[in-house]
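This report presents a description of one protein model for a reader who is new to structural analysis. Please examine the sequence and the structure shown below before reading on.

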Amino acid sequence: MDNITKTNIERPVEVSIKNSQMVRATIASLIGWALDLYDLFLLLYVATTIGNLFFPASNQTLSLAAVYASFAVTLLMRPLGSAIFGVYADKNGRKKAMTVAIIGAGLSTTAFGLLPTIHQVGVAASIAFLILRLVQGIFVGGVVASTHTIGTESASPKYRGLMSGLIGGGGAGLGALFASIAYSIVSAIFPGDAFDTLGWRIMFFTGIIGALFGLFIFRSLDESPLWKQLKEKQSKDKMVEQQKSPFKMFLTKYYKVLFVNLMIVIGGGSGYYLTAGFIPTFLKVVNKVPAAVSSGVLIATSITTILAAIVVGHLSELIGRKKTFMIIGILCVFGLPYFYLSLAHSTTTTSIYLNAIGLVFLGNASYAPVLIFLNERFPTEVRSTGTGLSWNVGFAIGGMMPTFVNLASGTVEHIPYTLMYFTIVIYLVYILGSFIIPETKGNLK
(Lines give C-alpha, C1' and ligand atoms only; values in the text may rest on other atoms or scores of the structure.)
Protein backbone atom coordinates (compact mmCIF):
# COMPACT_ATOMS: atom_id res chain seq x y z
CA MET A 1 0.00 0.00 0.00
CA ASP A 2 2.88 2.38 0.78
CA ASN A 3 4.17 2.11 -2.77
CA ILE A 4 0.76 3.06 -4.12
CA THR A 5 -0.27 5.85 -1.79
CA LYS A 6 3.10 7.50 -1.24
CA THR A 7 5.80 8.82 -3.50
CA ASN A 8 9.02 8.57 -1.51
CA ILE A 9 11.38 10.89 -3.33
CA GLU A 10 14.26 13.10 -2.39
CA ARG A 11 13.29 16.70 -2.97
CA PRO A 12 15.50 19.76 -3.30
CA VAL A 13 15.35 22.59 -0.81
CA GLU A 14 12.55 25.09 -1.29
CA VAL A 15 13.36 28.04 -3.52
CA SER A 16 12.67 31.70 -2.88
CA ILE A 17 9.86 33.10 -5.05
CA LYS A 18 9.28 36.80 -5.66
CA ASN A 19 5.74 38.17 -5.39
CA SER A 20 5.93 39.68 -8.88
CA GLN A 21 6.88 36.30 -10.32
CA MET A 22 4.00 34.62 -8.49
CA VAL A 23 1.53 37.20 -9.78
CA ARG A 24 2.68 36.84 -13.39
CA ALA A 25 2.55 33.04 -13.18
CA THR A 26 -0.91 33.16 -11.60
CA ILE A 27 -2.30 35.44 -14.30
CA ALA A 28 -0.72 33.43 -17.10
CA SER A 29 -1.95 30.08 -15.75
CA LEU A 30 -5.42 31.39 -14.94
CA ILE A 31 -5.94 33.15 -18.27
CA GLY A 32 -4.28 30.34 -20.21
CA TRP A 33 -6.55 27.69 -18.72
CA ALA A 34 -9.61 29.96 -19.01
CA LEU A 35 -8.96 30.62 -22.71
CA ASP A 36 -8.37 26.95 -23.34
CA LEU A 37 -11.62 25.94 -21.64
CA TYR A 38 -13.42 28.78 -23.38
CA ASP A 39 -12.47 27.08 -26.65
CA LEU A 40 -13.67 23.74 -25.30
CA PHE A 41 -16.89 25.04 -23.72
CA LEU A 42 -18.18 26.74 -26.83
CA LEU A 43 -19.55 23.39 -27.97
CA LEU A 44 -21.65 23.09 -24.80
CA TYR A 45 -23.34 26.41 -25.52
CA VAL A 46 -24.27 25.45 -29.08
CA ALA A 47 -24.89 21.74 -28.42
CA THR A 48 -28.46 21.65 -29.75
CA THR A 49 -27.53 23.63 -32.87
CA ILE A 50 -24.49 21.44 -33.57
CA GLY A 51 -26.64 18.35 -33.04
CA ASN A 52 -29.05 19.48 -35.78
CA LEU A 53 -26.31 20.56 -38.20
CA PHE A 54 -23.79 17.73 -37.77
CA PHE A 55 -25.54 14.85 -35.92
CA PRO A 56 -29.28 15.03 -36.66
CA ALA A 57 -31.52 12.30 -35.21
CA SER A 58 -35.24 11.72 -34.79
CA ASN A 59 -34.82 11.60 -30.99
CA GLN A 60 -33.37 14.76 -29.42
CA THR A 61 -31.58 12.86 -26.66
CA LEU A 62 -29.76 10.76 -29.28
CA SER A 63 -28.70 13.90 -31.14
CA LEU A 64 -27.44 15.44 -27.90
CA ALA A 65 -25.67 12.20 -27.04
CA ALA A 66 -23.82 12.40 -30.36
CA VAL A 67 -22.76 15.99 -29.65
CA TYR A 68 -21.53 15.09 -26.17
CA ALA A 69 -19.77 12.09 -27.68
CA SER A 70 -17.85 14.49 -29.91
CA PHE A 71 -17.03 16.43 -26.75
CA ALA A 72 -15.85 13.19 -25.12
CA VAL A 73 -13.66 12.45 -28.16
CA THR A 74 -11.74 15.63 -27.42
CA LEU A 75 -11.36 14.59 -23.81
CA LEU A 76 -10.06 11.18 -24.83
CA MET A 77 -7.27 12.84 -26.81
CA ARG A 78 -6.22 14.97 -23.86
CA PRO A 79 -4.06 12.22 -22.25
CA LEU A 80 -2.11 11.99 -25.52
CA GLY A 81 -1.68 15.76 -25.47
CA SER A 82 -0.44 15.52 -21.89
CA ALA A 83 2.05 12.83 -22.82
CA ILE A 84 3.41 14.95 -25.68
CA PHE A 85 3.39 18.37 -24.07
CA GLY A 86 4.03 17.07 -20.55
CA VAL A 87 7.30 15.49 -21.61
CA TYR A 88 8.16 18.66 -23.53
CA ALA A 89 7.37 20.81 -20.47
CA ASP A 90 9.42 18.60 -18.14
CA LYS A 91 12.41 18.67 -20.49
CA ASN A 92 12.23 22.18 -22.00
CA GLY A 93 10.16 24.28 -19.62
CA ARG A 94 6.52 24.98 -18.76
CA LYS A 95 6.40 28.34 -20.55
CA LYS A 96 7.32 27.03 -24.00
CA ALA A 97 4.83 24.17 -23.77
CA MET A 98 2.02 26.46 -22.65
CA THR A 99 2.58 28.98 -25.46
CA VAL A 100 2.42 26.37 -28.24
CA ALA A 101 -0.57 24.56 -26.72
CA ILE A 102 -2.68 27.69 -26.20
CA ILE A 103 -2.14 28.95 -29.74
CA GLY A 104 -2.91 25.51 -31.17
CA ALA A 105 -6.15 25.24 -29.19
CA GLY A 106 -7.31 28.69 -30.32
CA LEU A 107 -6.61 28.05 -34.00
CA SER A 108 -8.31 24.65 -33.99
CA THR A 109 -11.39 26.21 -32.37
CA THR A 110 -11.55 28.89 -35.05
CA ALA A 111 -11.45 26.20 -37.72
CA PHE A 112 -14.80 24.79 -36.52
CA GLY A 113 -16.50 27.92 -37.81
CA LEU A 114 -15.34 27.09 -41.34
CA LEU A 115 -16.80 23.57 -41.50
CA PRO A 116 -19.64 22.72 -43.90
CA THR A 117 -22.73 21.13 -42.34
CA ILE A 118 -24.24 17.71 -42.95
CA HIS A 119 -26.93 19.37 -45.08
CA GLN A 120 -24.18 20.68 -47.39
CA VAL A 121 -21.72 17.77 -47.74
CA GLY A 122 -23.43 14.88 -45.98
CA VAL A 123 -21.67 12.59 -43.51
CA ALA A 124 -18.28 14.10 -44.45
CA ALA A 125 -19.25 17.06 -42.27
CA SER A 126 -19.65 14.84 -39.21
CA ILE A 127 -16.31 13.15 -39.89
CA ALA A 128 -14.51 16.47 -40.35
CA PHE A 129 -16.05 17.76 -37.13
CA LEU A 130 -14.82 14.73 -35.18
CA ILE A 131 -11.30 14.91 -36.67
CA LEU A 132 -11.02 18.54 -35.68
CA ARG A 133 -12.17 17.65 -32.18
CA LEU A 134 -9.35 15.11 -31.98
CA VAL A 135 -6.79 17.75 -32.92
CA GLN A 136 -8.25 20.20 -30.42
CA GLY A 137 -8.06 17.57 -27.67
CA ILE A 138 -4.31 17.16 -28.10
CA PHE A 139 -3.71 20.88 -27.60
CA VAL A 140 -6.10 21.06 -24.64
CA GLY A 141 -4.19 18.23 -22.98
CA GLY A 142 -0.99 20.15 -23.58
CA VAL A 143 -2.36 23.24 -21.86
CA VAL A 144 -3.13 21.22 -18.72
CA ALA A 145 0.43 19.88 -18.55
CA SER A 146 1.80 23.43 -18.42
CA THR A 147 -0.76 25.72 -16.78
CA HIS A 148 -1.40 23.20 -14.00
CA THR A 149 2.24 23.17 -12.92
CA ILE A 150 3.81 26.57 -13.52
CA GLY A 151 1.24 28.43 -11.42
CA THR A 152 1.56 26.29 -8.29
CA GLU A 153 5.32 25.88 -8.72
CA SER A 154 5.61 29.68 -8.70
CA ALA A 155 3.46 30.19 -5.58
CA SER A 156 4.57 30.36 -1.96
CA PRO A 157 3.40 27.37 0.17
CA LYS A 158 0.64 29.22 2.02
CA TYR A 159 -1.11 30.11 -1.23
CA ARG A 160 -0.87 26.77 -3.04
CA GLY A 161 -4.32 25.49 -2.09
CA LEU A 162 -5.86 28.78 -3.13
CA MET A 163 -3.82 28.69 -6.34
CA SER A 164 -5.13 25.20 -7.06
CA GLY A 165 -8.71 26.38 -6.88
CA LEU A 166 -7.98 29.64 -8.67
CA ILE A 167 -6.32 28.00 -11.67
CA GLY A 168 -8.24 24.72 -11.90
CA GLY A 169 -11.71 25.90 -10.93
CA GLY A 170 -11.31 29.65 -11.34
CA GLY A 171 -9.94 29.14 -14.82
CA ALA A 172 -12.87 26.86 -15.62
CA GLY A 173 -15.35 29.40 -14.27
CA LEU A 174 -13.68 32.25 -16.11
CA GLY A 175 -13.62 30.24 -19.33
CA ALA A 176 -17.31 29.41 -18.90
CA LEU A 177 -18.03 33.06 -18.08
CA PHE A 178 -16.30 34.17 -21.28
CA ALA A 179 -18.32 31.60 -23.22
CA SER A 180 -21.54 32.73 -21.50
CA ILE A 181 -20.88 36.34 -22.39
CA ALA A 182 -20.02 35.41 -25.97
CA TYR A 183 -23.19 33.34 -26.22
CA SER A 184 -25.29 36.20 -24.82
CA ILE A 185 -23.86 38.70 -27.30
CA VAL A 186 -23.93 36.45 -30.35
CA SER A 187 -27.42 35.07 -29.65
CA ALA A 188 -28.70 38.63 -29.24
CA ILE A 189 -27.15 39.71 -32.55
CA PHE A 190 -28.27 36.53 -34.32
CA PRO A 191 -31.58 35.51 -32.70
CA GLY A 192 -33.59 32.39 -33.55
CA ASP A 193 -32.88 30.89 -36.96
CA ALA A 194 -30.08 33.38 -37.61
CA PHE A 195 -28.05 31.76 -34.83
CA ASP A 196 -28.49 28.31 -36.39
CA THR A 197 -27.37 29.73 -39.73
CA LEU A 198 -24.46 32.02 -38.87
CA GLY A 199 -24.33 32.73 -35.14
CA TRP A 200 -22.76 29.39 -34.21
CA ARG A 201 -19.92 30.04 -36.66
CA ILE A 202 -19.22 33.42 -35.08
CA MET A 203 -19.01 31.70 -31.69
CA PHE A 204 -16.19 29.46 -32.92
CA PHE A 205 -14.42 32.30 -34.76
CA THR A 206 -13.87 34.03 -31.41
CA GLY A 207 -11.28 31.32 -30.65
CA ILE A 208 -8.66 33.31 -32.55
CA ILE A 209 -9.01 36.13 -30.01
CA GLY A 210 -7.94 33.81 -27.21
CA ALA A 211 -4.90 32.59 -29.13
CA LEU A 212 -3.67 36.13 -29.75
CA PHE A 213 -4.42 37.28 -26.20
CA GLY A 214 -2.62 34.29 -24.73
CA LEU A 215 0.47 34.96 -26.84
CA PHE A 216 0.54 38.53 -25.53
CA ILE A 217 0.19 37.42 -21.87
CA PHE A 218 2.94 34.80 -22.00
CA ARG A 219 5.60 37.17 -23.29
CA SER A 220 6.33 38.50 -19.78
CA LEU A 221 6.04 35.13 -18.00
CA ASP A 222 9.01 33.76 -16.04
CA GLU A 223 9.87 30.08 -16.12
CA SER A 224 8.96 27.92 -13.12
CA PRO A 225 11.55 28.37 -10.32
CA LEU A 226 11.31 24.69 -9.34
CA TRP A 227 11.94 23.61 -12.92
CA LYS A 228 14.92 25.97 -13.23
CA GLN A 229 16.31 24.63 -9.95
CA LEU A 230 16.01 21.09 -11.28
CA LYS A 231 17.84 21.98 -14.47
CA GLU A 232 20.63 23.62 -12.51
CA LYS A 233 21.04 20.46 -10.45
CA GLN A 234 21.02 18.28 -13.57
CA SER A 235 23.69 20.40 -15.21
CA LYS A 236 25.98 19.78 -12.21
CA ASP A 237 25.28 16.07 -11.90
CA LYS A 238 25.41 14.36 -15.29
CA MET A 239 24.44 11.00 -13.79
CA VAL A 240 21.11 12.00 -12.23
CA GLU A 241 18.19 9.78 -13.11
CA GLN A 242 16.03 12.76 -14.00
CA GLN A 243 17.83 13.08 -17.33
CA LYS A 244 15.95 10.00 -18.55
CA SER A 245 12.72 10.45 -20.48
CA PRO A 246 10.05 11.88 -18.14
CA PHE A 247 7.45 9.63 -19.74
CA LYS A 248 9.58 6.52 -19.25
CA MET A 249 10.19 7.48 -15.62
CA PHE A 250 6.48 7.99 -15.11
CA LEU A 251 5.56 4.61 -16.57
CA THR A 252 8.18 2.71 -14.55
CA LYS A 253 7.94 4.46 -11.17
CA TYR A 254 4.64 6.34 -10.82
CA TYR A 255 1.96 4.44 -12.76
CA LYS A 256 0.44 3.03 -9.54
CA VAL A 257 0.08 6.55 -8.20
CA LEU A 258 -1.93 7.39 -11.33
CA PHE A 259 -4.53 4.69 -10.64
CA VAL A 260 -5.14 5.88 -7.09
CA ASN A 261 -5.27 9.52 -8.22
CA LEU A 262 -8.03 8.66 -10.67
CA MET A 263 -10.46 7.74 -7.90
CA ILE A 264 -10.41 11.41 -6.95
CA VAL A 265 -9.92 13.03 -10.35
CA ILE A 266 -12.76 11.12 -12.05
CA GLY A 267 -15.09 12.36 -9.32
CA GLY A 268 -13.88 15.93 -9.75
CA GLY A 269 -14.14 15.74 -13.53
CA SER A 270 -17.61 14.23 -13.38
CA GLY A 271 -18.60 16.87 -10.87
CA TYR A 272 -17.73 19.59 -13.32
CA TYR A 273 -19.16 18.11 -16.50
CA LEU A 274 -22.39 16.90 -14.87
CA THR A 275 -23.04 20.29 -13.26
CA ALA A 276 -21.51 23.38 -14.87
CA GLY A 277 -20.90 21.53 -18.12
CA PHE A 278 -24.40 20.06 -18.30
CA ILE A 279 -26.33 23.12 -17.10
CA PRO A 280 -26.69 24.73 -20.59
CA THR A 281 -28.39 21.59 -21.93
CA PHE A 282 -30.39 20.99 -18.73
CA LEU A 283 -31.87 24.49 -18.83
CA LYS A 284 -32.80 24.18 -22.48
CA VAL A 285 -34.27 20.68 -22.69
CA VAL A 286 -35.54 20.10 -19.12
CA ASN A 287 -36.53 23.55 -17.85
CA LYS A 288 -37.14 24.94 -21.36
CA VAL A 289 -36.18 28.46 -20.29
CA PRO A 290 -35.75 31.26 -22.86
CA ALA A 291 -32.26 32.25 -24.02
CA ALA A 292 -32.23 35.45 -21.92
CA VAL A 293 -32.88 33.57 -18.66
CA SER A 294 -30.47 30.80 -19.61
CA SER A 295 -27.69 33.31 -20.31
CA GLY A 296 -28.20 34.95 -16.92
CA VAL A 297 -28.12 31.62 -15.08
CA LEU A 298 -24.98 30.55 -16.95
CA ILE A 299 -23.19 33.75 -16.03
CA ALA A 300 -24.22 33.33 -12.38
CA THR A 301 -23.06 29.71 -12.29
CA SER A 302 -19.76 30.64 -13.93
CA ILE A 303 -19.11 33.12 -11.13
CA THR A 304 -20.15 30.44 -8.63
CA THR A 305 -17.59 28.07 -10.15
CA ILE A 306 -14.81 30.57 -9.47
CA LEU A 307 -15.90 31.26 -5.88
CA ALA A 308 -16.39 27.57 -5.02
CA ALA A 309 -12.98 26.63 -6.38
CA ILE A 310 -11.14 29.40 -4.56
CA VAL A 311 -12.88 28.85 -1.21
CA VAL A 312 -12.53 25.07 -1.17
CA GLY A 313 -9.02 25.19 -2.64
CA HIS A 314 -7.89 27.41 0.23
CA LEU A 315 -9.79 25.22 2.69
CA SER A 316 -7.48 22.37 1.69
CA GLU A 317 -4.53 24.52 2.76
CA LEU A 318 -6.10 24.98 6.19
CA ILE A 319 -7.32 21.44 6.96
CA GLY A 320 -5.40 19.36 4.40
CA ARG A 321 -6.23 17.82 1.03
CA LYS A 322 -7.46 14.49 2.43
CA LYS A 323 -10.04 15.93 4.85
CA THR A 324 -11.28 18.36 2.22
CA PHE A 325 -11.91 15.55 -0.27
CA MET A 326 -13.78 13.54 2.37
CA ILE A 327 -16.05 16.43 3.37
CA ILE A 328 -16.86 17.49 -0.19
CA GLY A 329 -17.48 13.89 -1.26
CA ILE A 330 -20.07 13.37 1.46
CA LEU A 331 -21.79 16.67 0.64
CA CYS A 332 -21.95 15.75 -3.06
CA VAL A 333 -23.50 12.31 -2.43
CA PHE A 334 -26.47 13.96 -0.76
CA GLY A 335 -26.45 17.48 -2.19
CA LEU A 336 -26.17 16.87 -5.93
CA PRO A 337 -29.22 14.55 -6.19
CA TYR A 338 -31.26 17.09 -4.22
CA PHE A 339 -30.33 20.00 -6.48
CA TYR A 340 -30.88 18.01 -9.71
CA LEU A 341 -34.44 17.12 -8.77
CA SER A 342 -35.14 20.58 -7.33
CA LEU A 343 -33.90 22.27 -10.48
CA ALA A 344 -35.98 19.97 -12.68
CA HIS A 345 -39.12 20.95 -10.74
CA SER A 346 -38.32 24.67 -10.47
CA THR A 347 -41.11 26.85 -11.82
CA THR A 348 -39.79 30.33 -11.02
CA THR A 349 -36.72 32.15 -12.25
CA THR A 350 -35.50 32.61 -8.67
CA SER A 351 -35.69 28.91 -7.87
CA ILE A 352 -33.88 28.06 -11.12
CA TYR A 353 -31.06 30.43 -10.19
CA LEU A 354 -30.75 29.13 -6.62
CA ASN A 355 -30.80 25.43 -7.49
CA ALA A 356 -28.40 25.87 -10.41
CA ILE A 357 -25.98 27.80 -8.19
CA GLY A 358 -26.16 25.15 -5.45
CA LEU A 359 -25.58 22.39 -7.99
CA VAL A 360 -22.58 24.10 -9.56
CA PHE A 361 -21.03 25.05 -6.22
CA LEU A 362 -20.86 21.44 -5.04
CA GLY A 363 -19.79 20.05 -8.40
CA ASN A 364 -16.88 22.46 -8.73
CA ALA A 365 -15.86 22.26 -5.08
CA SER A 366 -15.05 18.59 -5.63
CA TYR A 367 -12.05 19.30 -7.86
CA ALA A 368 -10.80 22.54 -6.27
CA PRO A 369 -7.82 20.91 -4.47
CA VAL A 370 -7.14 18.36 -7.23
CA LEU A 371 -4.54 20.42 -9.07
CA ILE A 372 -2.25 20.96 -6.07
CA PHE A 373 -2.89 17.41 -4.85
CA LEU A 374 -1.60 16.06 -8.18
CA ASN A 375 1.38 18.41 -8.15
CA GLU A 376 2.31 17.13 -4.71
CA ARG A 377 2.11 13.51 -5.87
CA PHE A 378 4.97 13.86 -8.38
CA PRO A 379 8.54 15.21 -8.29
CA THR A 380 9.54 18.17 -10.47
CA GLU A 381 11.18 16.05 -13.17
CA VAL A 382 7.89 14.31 -14.05
CA ARG A 383 5.35 16.75 -12.56
CA SER A 384 3.97 18.09 -15.85
CA THR A 385 3.70 14.58 -17.28
CA GLY A 386 2.17 13.06 -14.12
CA THR A 387 -0.20 15.92 -13.38
CA GLY A 388 -1.27 16.24 -17.00
CA LEU A 389 -1.97 12.54 -17.43
CA SER A 390 -3.77 12.18 -14.09
CA TRP A 391 -5.93 15.25 -14.71
CA ASN A 392 -6.71 14.48 -18.34
CA VAL A 393 -7.45 10.78 -17.92
CA GLY A 394 -9.74 11.56 -14.98
CA PHE A 395 -11.48 14.44 -16.72
CA ALA A 396 -11.74 12.44 -19.94
CA ILE A 397 -13.73 9.78 -18.09
CA GLY A 398 -15.69 12.47 -16.27
CA GLY A 399 -16.34 14.23 -19.57
CA MET A 400 -17.94 11.10 -21.01
CA MET A 401 -20.56 11.04 -18.26
CA PRO A 402 -22.96 13.48 -20.00
CA THR A 403 -22.97 11.16 -23.02
CA PHE A 404 -23.77 8.17 -20.83
CA VAL A 405 -26.47 10.16 -19.02
CA ASN A 406 -28.17 11.10 -22.29
CA LEU A 407 -28.02 7.51 -23.55
CA ALA A 408 -29.22 6.02 -20.26
CA SER A 409 -32.05 8.53 -19.89
CA GLY A 410 -33.86 7.60 -23.07
CA THR A 411 -36.19 10.59 -22.78
CA VAL A 412 -35.72 14.16 -21.57
CA GLU A 413 -38.01 13.56 -18.58
CA HIS A 414 -35.64 10.92 -17.17
CA ILE A 415 -32.49 13.06 -17.34
CA PRO A 416 -32.68 14.50 -13.76
CA TYR A 417 -33.10 11.03 -12.23
CA THR A 418 -30.29 9.53 -14.29
CA LEU A 419 -28.03 12.37 -13.17
CA MET A 420 -28.98 11.62 -9.57
CA TYR A 421 -28.04 7.92 -9.82
CA PHE A 422 -24.79 8.60 -11.66
CA THR A 423 -23.54 11.15 -9.14
CA ILE A 424 -24.31 8.94 -6.13
CA VAL A 425 -22.17 6.11 -7.52
CA ILE A 426 -19.38 8.42 -8.69
CA TYR A 427 -19.02 10.16 -5.35
CA LEU A 428 -19.09 6.95 -3.36
CA VAL A 429 -15.94 5.99 -5.30
CA TYR A 430 -14.60 9.52 -4.69
CA ILE A 431 -15.09 9.11 -0.93
CA LEU A 432 -13.35 5.73 -1.02
CA GLY A 433 -10.43 7.33 -2.82
CA SER A 434 -10.21 10.08 -0.20
CA PHE A 435 -9.66 7.38 2.45
CA ILE A 436 -6.94 5.64 0.42
CA ILE A 437 -4.82 8.62 -0.62
CA PRO A 438 -2.13 10.02 1.70
CA GLU A 439 -2.10 13.59 2.98
CA THR A 440 0.11 15.46 0.49
CA LYS A 441 0.05 19.02 1.83
CA GLY A 442 3.61 20.39 2.02
CA ASN A 443 5.14 17.91 -0.45
CA LEU A 444 5.74 20.44 -3.26
CA LYS A 445 9.37 21.52 -2.85
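Setting aside residues up to four places away in sequence, T117 touches L53, F54, G122, A125, W200 and R201. The model in which these contacts appear is a predicted one. T117 is placed in the loop between helix 5 (94-112) and helix 6 (118-121). Is this residue buried or exposed? T117 has a relative accessibility of 7% and therefore counts as buried, since buried means under 20%.

**Individual residues**

The table below lists the relative accessibility of several residues.

| Residue | Location | Relative accessibility | Class |
|---|---|---|---|
| T117 | loop between helix 5 and helix 6 | 7% | buried |
| H148 | helix 7 | 0% | buried |
| S164 | helix 8 | 0% | buried |
| K288 | loop between helix 14 and helix 15 | 60% | exposed |
| V412 | loop between helix 19 and helix 20 | 16% | buried |

V412 belongs to the loop that runs between helix 19 (383-409) and helix 20 (415-436). Because its relative accessibility is 16%, V412 counts as buried. In sequence V412 is 74 residues apart from Y338, and their C-alpha atoms are 18 Å apart in space.

**The meeting of helix 7 and helix 18**

The axes of helix 7 (residues 123-153) and helix 18 (residues 370-377) come within 10 Å and cross at roughly 80 degrees. How are these two helices oriented to each other? An angle of 65 to 115 degrees counts as roughly perpendicular, and helix 7 and helix 18 are therefore roughly perpendicular to each other. On the side of helix 7, the residues that meet helix 18 are H148, T149 and T152; their counterparts in helix 18 are L371, I372 and N375. Sorted by class, this contact consists of 2 nonpolar, 4 polar and no charged residues.

H148, which is part of helix 7, is buried because its relative accessibility is 0%. When neighbours within four places in sequence are left aside, H148 is in contact with W33, V143, I167, L371, N375, T387 and W391.

S164 is located in helix 8. S164 also has a relative accessible area of 0% and is therefore buried. Its contacts, apart from neighbours within four places in sequence, are T152, G169, A368, P369, V370, L371 and I372. S164 and F373 are 209 residues apart along the chain, yet their C-alpha atoms are separated by 8.4 Å.

**Helix 14 and the residue that follows**

Helix 14 is mostly covered, with 8 of its 9 residues buried. The buried residues are I279, P280, T281, F282, L283, V285, V286 and N287.

K288 comes just after helix 14 and is found in the loop between helix 14 and helix 15. Most residues other than glycine have a negative phi. K288 is not a glycine, although its phi is positive, at about 55 degrees. With a relative accessibility of 60%, K288 counts as exposed, because exposed means over 50%.

**Cavities and the largest pocket**

How many cavities of 30 Å³ or more does a search of the whole structure find? The search finds 2 such cavities. The largest cavity has a volume of about 90 Å³. Its lining is formed by 15 residues, and Y45, A176, Y272, A276 and S302 are those nearest its centre. Helix 2 (19-45), helix 8 (160-189) and helix 15 (291-319) each give two or more residues to this lining. Helix 15 gives the most, with 4 residues. By class, the lining of the largest cavity comprises 10 nonpolar, 5 polar and no charged residues.

The largest pocket has a volume of about 380 Å³. There are 22 residues in its lining, and Y45, T48, Y183, K284 and A291 lie nearest its centre. The elements that give two or more residues to the lining of the largest pocket are helix 2, helix 3 (47-54), helix 8, helix 9 (193-205), helix 14 (279-287) and helix 15. Which helix gives the most to this lining? Helix 3 does, with 4 residues. The lining of the largest pocket divides by class into 13 nonpolar, 7 polar and 2 charged residues.

Notes: Residues are numbered from 1 along each chain as its sequence is written. This is a predicted model: local features need pLDDT of at least 70, side-chain atom pairs count only at pLDDT 80 or more; totals for chains, interfaces and linings use all residues. Side-chain values use heavy atoms; hydrogens and water are left out. Buried means under 20% relative accessible area, exposed over 50%, partly exposed in between (1.4 Å probe, protein chains only). Axes are lines fitted to C-alpha atoms, for helices over the stretch in contact, and angles run from 0 to 180 degrees between N-to-C directions. Angles under 35 degrees count as roughly parallel, over 145 as roughly antiparallel, 65 to 115 as roughly perpendicular and the rest as oblique. Contact means heavy atoms within 4.5 Å. Ala, Val, Leu, Ile, Met, Phe, Trp, Tyr, Cys and Pro count as nonpolar, Asp, Glu, Lys and Arg as charged, and the others, Gly among them, as polar. On a 1 Å grid over the protein atoms alone, a cavity is a set of points where a 1.4 Å probe fits but cannot get out, and a pocket is an open set with protein on both sides within 12 Å along at least five of seven lines; lining residues have an atom within 4 Å of a point. Grid points are joined across faces, edges and corners, and a volume is the space filled by probe spheres set on the points.
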